[in-house]
Amino acid sequence: MRKLAVVMIALLGLVFLAGCGDDEAGVRSPEPGALDASAPAVAPGFREGAPSKESPAPSDSSTRKEVITGSVDITADDPIAAAGTVVDRVTALNGRVDSRTEQPGTDKRVARAVLSVRVPADKTDAFITDLGDAGTVTEISTNRDDVTMQWQDLDARINALRASVDRLKALIAGANNTADLIAAEEALSSRQGELDSLTAQKRSLDDQVALSTLTITLTAEKKQAPGEPDSFWDGIVSGWNSLVDWLGDAVVFAGKAVPWLGLFVLLGGVLYAVLRVVRRKPRSHTAKETSGAHSAGDDQTEQP
């Protein structure tokens, strides 16, 4: 009995020790499900190598489309010569001059030149900076208009129309009857016209993006005109000269007006003579009627 009791106690001890070992193992190595539930979730984007929040956004400046326009006002001693210098610089940059207007200076106005030039867009800032050599830059105004969306829309529509034109050409090549051929040709004509129009618009937009448009105005400094009075005596002399000039103009005007006055006098005399003739006729008729009435009255009084 004692041996049986010792054996039972030993078996119970082994079972107890085995249970404790399983609990410790459970603590040290939890089940996969428990590990997934307790561990924090990792963002899929991070595992896939997505950029972190601190990384800068990708640059899109290479696809940006801008139309640059502006105006520059310059004062120069000789605006005509300065305009020639500006034209030479535009030519050196492979640009072009769309319009050029020059007004030489006179006693009443200063010399002036206006240029409308097209220069490469990526060289616009440097070109404007170099204009200081042609004279004194008094005002600069530039504008950058973003046309990226418009350009992309035109490009997408052109590609879609080209694909449609290619399909219609294939349909025309494989048309089995006249009706299908006529319908396909009409659709192709419409698509081709729209494609040509959009292509022309995109070509014009590309030209505006590639070359900026600048209006350059060159004027001479406003100086006192020669002969302009700057003292009391000069004012008197200038007033006397103005009076003489006015009298001379008045004499010339009077000489020009004499023939017209003679014509008006002649026309007035003719009109007066016609009016006198018209007025005499009614008076003569009235006198004849009055004399007839008097003679009839006399006849009636003589009868008994």
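**Exercise 1. Place W240 and its surroundings.** Decide whether W240 is buried or exposed in this predicted model, and find the surface patch to which W240 belongs.

*Solution.* Start with the accessibility of the residue: W240 has a relative accessible area of 56%, and because exposed means over 50%, W240 counts as exposed. Next, locate the residue in the fold, where W240 lies in helix α8, which covers residues 232-302. Finally, look at the companions on the surface: W240 forms a nonpolar patch with L243, V244, W246 and L247, and together these residues have about 550 Å² of accessible area.

**Exercise 2. Describe the chain as a whole.** State how many helices and strands the chain has, and in which pattern they follow along the sequence.

*Solution.* The count comes to 8 helices and 5 strands, and reading along the sequence gives the pattern α-α-α-β-α-β-β-α-β-α-α-β-α. Of the 304 residues in the chain, 17% are buried. The accessible surface comes to about 22,800 Å², and carbon and sulfur atoms account for 59% of that surface. Among contacts between residues at least 6 apart in sequence, 77% join residues at least 24 apart.

**Exercise 3. Examine helix α7.** Find which residues of α7 are buried, what covers them, and which residue caps the N-terminal end of the helix.

*Solution.* First take the dimensions: α7 runs over residues 178-210, has 33 residues, and reaches 47 Å from its first C-alpha to its last, close to the 48 Å expected at 1.5 Å a residue. At the N-terminal end the cap is N177, with a side-chain oxygen 3.3 Å from the backbone nitrogen of A179. The buried residues of α7 are A184, L188, L195, L198, K202, L205 and V209, and their cover includes β1 (66-75), α6 and β5 (211-219).

K202 deserves a separate step, since at 14% relative accessibility this lysine counts as buried. K202 forms a salt bridge with D206, the closest N and O atoms being 3.5 Å apart, while D206 is partly exposed at 30% relative accessibility. The two residues are 4 apart in α7, so about one helical turn separates K202 from D206.

**Exercise 4. Trace a network of salt bridges.** Determine which parts of the chain are linked by the pair R64 and D146 and by the pair R144 and E66.

*Solution.* The structure holds 12 salt bridges. In one of them the side chains of R64 and D146 meet at 3.3 Å, N to O; R64 lies in the loop between α3 (44-47) and β1, whereas D146 lies in strand β4 (residues 136-146), 82 residues apart. A further salt bridge joins the side chains of R144 and E66 at 3.1 Å, N to O, and this pair links strand β4 with strand β1 across 78 residues of sequence. As to exposure, R64 is partly exposed at 45% relative accessibility, and D146 is partly exposed at 39%. To finish, combine the pairs: R64, E66, D125, R144 and D146 are linked in a network of salt bridges.

**Exercise 5. Follow the contacts of T148.** Which backbone nitrogen does the side chain of T148 reach?

*Solution.* T148 lies in helix α6 (residues 148-173) and is buried, with a relative accessible area of 12%. The side chain of T148 reaches the backbone nitrogen of K65 at 2.9 Å. Leaving aside neighbours within four places in sequence, T148 is in contact with T63, R64 and K65.

How values were computed. Residues are numbered from 1 along each chain as its sequence is written. This is a predicted model: local features need pLDDT of at least 70, side-chain atom pairs count only at pLDDT 80 or more; totals for chains, interfaces and linings use all residues. Side-chain values use heavy atoms; hydrogens and water are left out. Patches are made of residues with over 30% relative accessible area and no salt bridge: like charges are joined within 9 Å, nonpolar side chains (Val, Leu, Ile, Met, Phe, Trp, Tyr) within 5 Å. Accessible areas come from the Shrake-Rupley method with a 1.4 Å probe; for residues, only the protein chains shown count as cover. A salt bridge is a side-chain nitrogen of Lys or Arg within 4 Å of a carboxyl oxygen of Asp or Glu. Buried means under 20% relative accessible area, exposed over 50%, partly exposed in between (1.4 Å probe, protein chains only). A polar contact is a pair of N or O atoms within 3.5 Å; within protein, one must be able to donate a hydrogen and the other to accept it, and residues adjacent in sequence count only if both atoms are side-chain atoms. Contact means heavy atoms within 4.5 Å. The expected span of a helix is 1.5 Å times one less than its number of residues.
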